[in-house]
Amino acid sequence: MSTYPPIGEQLDDFESAREEGRRKMDWALQHMPILRELREQFRESKPLAGQTIGMAMHVEAKTANLVELLALGGAEVAITGCNPLSTHDDVSAALDANDDITSYAKRGVGEDDYYAAIESVVDHEPTITVDDGMDMVYAIHEDYPELIDTIVGGAEETTTGVHRLRAMDDDGELRYPVFAVNDTPMKRLFDNVHGTGESSLATIAMTTNLSYAGKNVVVAGYGYCGKGVAKKAAGQNANVIVTEVEPRRALEAHMEGYDVMPMNEAAEIGDVFVTTTGNRDVITREDFEVMDDGVLLANAGHFDVEIDLDALSALAVDEYEARDGVRAYEMADGRRLNVIAEGRLVNLASPIALGHPVEVMDQSFGIQAVCVRELVEHGEEYDAGVHDVPDDLDREVAEIKLDAEGVDIDSLTETQAEYMDSWSHGT
């Protein structure tokens, strides 16, 4: 059993932190119509009564409103961070002040405390997990397998976590059902594209006080996140270069009008580099050796493995903090390569980072909430493994959003619906 304490036992002025965290949460909730609608539903029907939910997420204001929604639905919730630099301590305090929520998330913890906090969440013996990156699912399977029989299921938020889950499932090692929230349209088409694109570029710009106009912005990976970064960078008058290993995505980027080339070629001309692959060693020693003085290096993937910082540090003759959140690595020839947010998830780990826009996360967290409700109500229908989010749940969240925006759409007539469902209509 972990002895790692909740945030309430770690802060000197807990009450002031709680008040500031609540202020941030209230601001975000004003712009989260999906969660506001679900709050009313969950408060009235208590669909999660009797459940214990263990969460490893980015503990900031938007996430906190999801956590509070689950507690309003009747659950006991324990949460910690999924990245050592993405927690807002004041928001964590606001959550911990809720009698139905225990928060262990604290910003800037070392590796030992990071995993000790996950253990503390698992000590609550969750019946449902909500993860961002799969660290909690992994910890349960590795260290607490005795809990698996009482876990109804889980939901995974992000691309990297889903990749890990699918690999685990392919190996026959995933022992309870988990919804791939990242892969459903209401998450992928908005959170990954618009959220990652807008927040990553905005964070880099605010951290450095530099413009994108006329710069060569190199986007590593052209999945949904990479597409968002490329699109938003082009919209700010940057010249966009895409690097890829998957031929169809590379061709797609080419057909979208971007330059496509290997990373080592892009390294020679790039001004700003943003990795979005979810894989390791995307920018390596060979790339650092040919980069220009003053380049910016940032990662928008979940883990800090995409930029080889060990190799960069080995090349450097000096390292220093050039700005708050920017570490400069000076090469022997005088070139300075600047890494933002320690190579961690830039839109959440930079000192001024606020994560994805509120409206975008409202959609993603709406999906998380209805997936948790689905597991409680129909969990026995899902075998162990990775599952797509049921389409009716995805549509439910979309309809709430459209209604909140005052947008009306058409409906299929009975004749149209019959036509679309039939295979017998020919020419």
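**Exercise 1. The second largest pocket**

Which helices each supply at least two residues of the lining of the second largest pocket?

*Solution.* Keep in mind as you work that this is a predicted model.

Step 1. Start with the space itself: the second largest pocket has a volume of about 330 Å³.

Step 2. Look at its walls. The lining has 19 residues, and Lys 62, Leu 354, Gly 355, His 356 and Val 358 are the ones nearest the centre.

Step 3. Now find the helices. H1 (14–30), H3 and H8 each give at least two residues to this lining. The biggest contribution is from H8, with 5 residues.

Step 4. Sort the lining by class: 10 residues are nonpolar, 5 are polar and 4 are charged.

**Exercise 2. The largest pocket**

Describe the largest pocket by its volume, its lining and the classes of residue found there.

*Solution.* Step 1. The volume is about 940 Å³.

Step 2. In the lining there are 49 residues, with Thr 159, Cys 225, Thr 276, Thr 277 and Gly 278 nearest the centre. Several helices give two or more residues, among them H3 (61–72), H7 (159–170) and H9 (224–235).

Step 3. Which helix gives the most to this lining? The answer is H8, with 6 residues.

Step 4. Count by class, and you get 23 polar residues, 13 nonpolar and 13 charged.

**Exercise 3. Cysteines without partners**

How many disulfides does the structure hold? Explain the result for Cys 371.

*Solution.* Step 1. The structure holds 0 disulfides. Cys 82, for instance, is in none, and the nearest cysteine sulfur to it, that of Cys 225, is 14 Å away.

Step 2. Turn to Cys 371. Its closest cysteine sulfur belongs to Cys 82 and is 17 Å away, so the two are too far apart for a bond. For the comparison you need the cut-off, which is a sulfur pair within 2.5 Å.

Step 3. Are these cysteines buried or exposed? Cys 82 has 4% relative accessibility and therefore counts as buried. Cys 371, at 0%, is buried too.

**Exercise 4. Inside the cores**

Find the largest nonpolar core and follow one of its residues, Leu 38.

*Solution.* Step 1. This core has 49 residues, and those with the most contacts inside it are Leu 38, Ile 53, Met 55, Leu 66 and Val 77. Helix H15 provides the largest share, 10 residues.

Step 2. Set aside neighbours within four places in sequence. Leu 38 is then in contact with Leu 69, Gly 366, Ala 369, Val 370, Glu 396 and Ile 400.

Step 3. Look elsewhere for another core, apart from this one. That core has 29 residues, including Leu 174, Val 178, Ala 180 and Val 386.

**Exercise 5. Three loop residues**

Place Thr 184, Asn 209 and Asn 237 in their loops, and decide whether each is buried or exposed.

*Solution.* Step 1. Thr 184 sits in the loop between strand E6 (177–180) and H8. Its relative accessible area is 4%, so Thr 184 is buried. Beyond residues up to four places away in sequence, Thr 184 touches Ile 367, Val 389 and Asp 394.

Step 2. Asn 209 belongs to the loop between H8 and strand E7 (216–220). With 64% relative accessibility, Asn 209 counts as exposed. Its phi is positive, about 60°, although Asn 209 is not a glycine.

Step 3. Asn 237 is in the loop between H9 and strand E8 (239–243). Here the relative accessible area is 57%, so Asn 237 is exposed. The phi of Asn 237 is also positive, near 70°.

Definitions and conventions
Residues numbered from 1 in each chain as written. Predicted model: local features only at pLDDT ≥ 70, side-chain atom pairs only at ≥ 80, totals over all residues. Heavy atoms only, no water. 1 Å grid on protein atoms, 1.4 Å probe; cavity = no way out; pocket = protein on both sides within 12 Å on 5 of 7 lines; lining within 4 Å. Points joined across faces, edges and corners; volume = space filled by probe spheres on them. Helix = DSSP H or I, 4+ residues; strand = E, 2+ residues; numbered from the N terminus. Nonpolar A, V, L, I, M, F, W, Y, C, P; charged D, E, K, R; others polar. Buried < 20%, exposed > 50% of the residue type's maximum accessible area, 1.4 Å probe, protein only. Contact = heavy atoms within 4.5 Å. Core = buried A, V, L, I, M, F, W, Y, C linked by side-chain atoms within 4.5 Å.
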